[in-house]
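Here are some short exercises to try with the model open in your viewer. Have a go at each task before you read its solution.

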Amino acid sequence: MKTTIKTIAIASLFASFGTFAASPVTGWVVEDGLIGSPQVKQDGITAVSSFEKKDGKIIFSMMMVSDKKSDDVGIKLIETESPIMVNGKKIMMEEQRQGQLRSFNPKTEAGTQYLLNEFKTKDGVIIENLTYSTNSFNQAFEKLQ
């Protein structure tokens with residue numbers, strides 16, 4: 001149940017950032033206690049990432065939606081662990097899949113801290129061949145704290 005709620009929340013985040021399609025977002029935005037990336041689109045995948053602060057901890061989430069029917073895993077929620085590449089380093093993630101939606105959260109605090117450091121210090125962050133801009137990330141992150 002908790003996982004399903006989280007997946008729905010991330011999907012809602014994705015949908016809310018989709019409302020900016022008429023005027024594309026070029027930097028990170030602050031909305032409802034979290035910061036979210038602009039949409040990243042490549043090879044039939046649309047993705048967003050977010051950071052939020054909960055109970056004093058930083059939480060990273062990434063959501064990807066494929067437009068390929070072959071990526072559809074059906075209506076049943078599937079939970080697994082899988083490594084993903086972040087700027088050339090493997091980070092172990094908890095993954096949830098449903099339909100053509102995939103969501104990821106770092107399995108460890110060290111993974112979250114690595115991601116946070118990459119977004120704070122790099123010009124771009126490549127996650128699974130998708131490049132996220134860090135334009136305005138630090139300014140948005142300051143508002144989160």
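**Exercise 1. Work out how much surface the protein exposes and how much of the chain is covered.**

Step 1: The protein exposes about 8,000 Å², and carbon and sulfur atoms supply 52% of that. Accessible areas here come from the Shrake-Rupley method with a 1.4 Å probe, and for residues only the protein chains shown count as cover.

Step 2: Of the 145 residues, 41% count as buried. Buried means under 20% relative accessible area, exposed means over 50%, and partly exposed is in between (1.4 Å probe, protein chains only).

A word on the ground rules: this is a predicted model, where local features need pLDDT of at least 70 and side-chain atom pairs count only at pLDDT 80 or more, while totals for chains, interfaces and linings use all residues. Residues are numbered from 1 along each chain as its sequence is written, and side-chain values use heavy atoms, with hydrogens and water left out.

**Exercise 2. Trace the fold, then find the partners of strand 4.**

Step 1: Count the elements: there are 3 helices and 10 strands. These are DSSP runs numbered from the N terminus (helices: H or I, at least four residues; strands: E, at least two). Along the sequence they read α-β-β-β-β-β-β-β-β-α-β-β-α.

Step 2: Look for pairing, which takes at least two DSSP bridges between two strands. Strand 2 (residues 34–36) pairs with strand 4 in the antiparallel sense over 3 bridges, and I35 has F51 as its bridge partner.

Step 3: Strand 3 (residues 40–42) also pairs antiparallel with strand 4, over 3 bridges; here V40 partners A47. That hairpin has 2 residues between the strands, and D43 takes a positive phi near 50°.

Step 4: Strand 5 runs antiparallel to strand 4, joined by 10 bridges. In this hairpin, again with 2 residues between the strands, D55 is the one with a positive phi near 50°.

Step 5: Check the cover: 7 of the 10 residues of strand 4 are buried.

**Exercise 3. Which residues of the largest nonpolar core touch the most other members?**

Step 1: Define the core: buried Ala, Val, Leu, Ile, Met, Phe, Trp, Tyr and Cys residues joined through side-chain atoms within 4.5 Å. In soluble globular proteins, nonpolar side chains tend to be buried together.

Step 2: The largest core has 27 residues, and F51, F119 and I127 touch the most other members. Among the elements that each supply at least two residues are strand 4 (45–54), helix 2 (109–121) and helix 3 (137–144).

Step 3: Zoom in on F51. Leaving aside neighbours within four places in sequence, its contacts (heavy atoms within 4.5 Å) include W28, I58, L115, F119 and L144.

**Exercise 4. Find the salt bridges and see which ones share a partner.**

Step 1: Search for a side-chain nitrogen of Lys or Arg within 4 Å of a carboxyl oxygen of Asp or Glu. The whole structure gives 3 hits.

Step 2: K107 bridges to E81, with the closest N and O atoms 2.8 Å apart. K107 sits in the loop between strand 8 (101–106) and helix 2, and E81 in strand 6, 26 residues apart.

Step 3: R97 pairs with E95 at 3.5 Å between the closest N and O atoms, and R102 meets E95 at 2.8 Å, N to O. Shared partners join E95, R97 and R102 into one network.

Step 4: Is E95 buried or exposed? With 5% relative accessibility, E95 counts as buried, whereas R97 is partly exposed at 24% and R102 is partly exposed at 26%.
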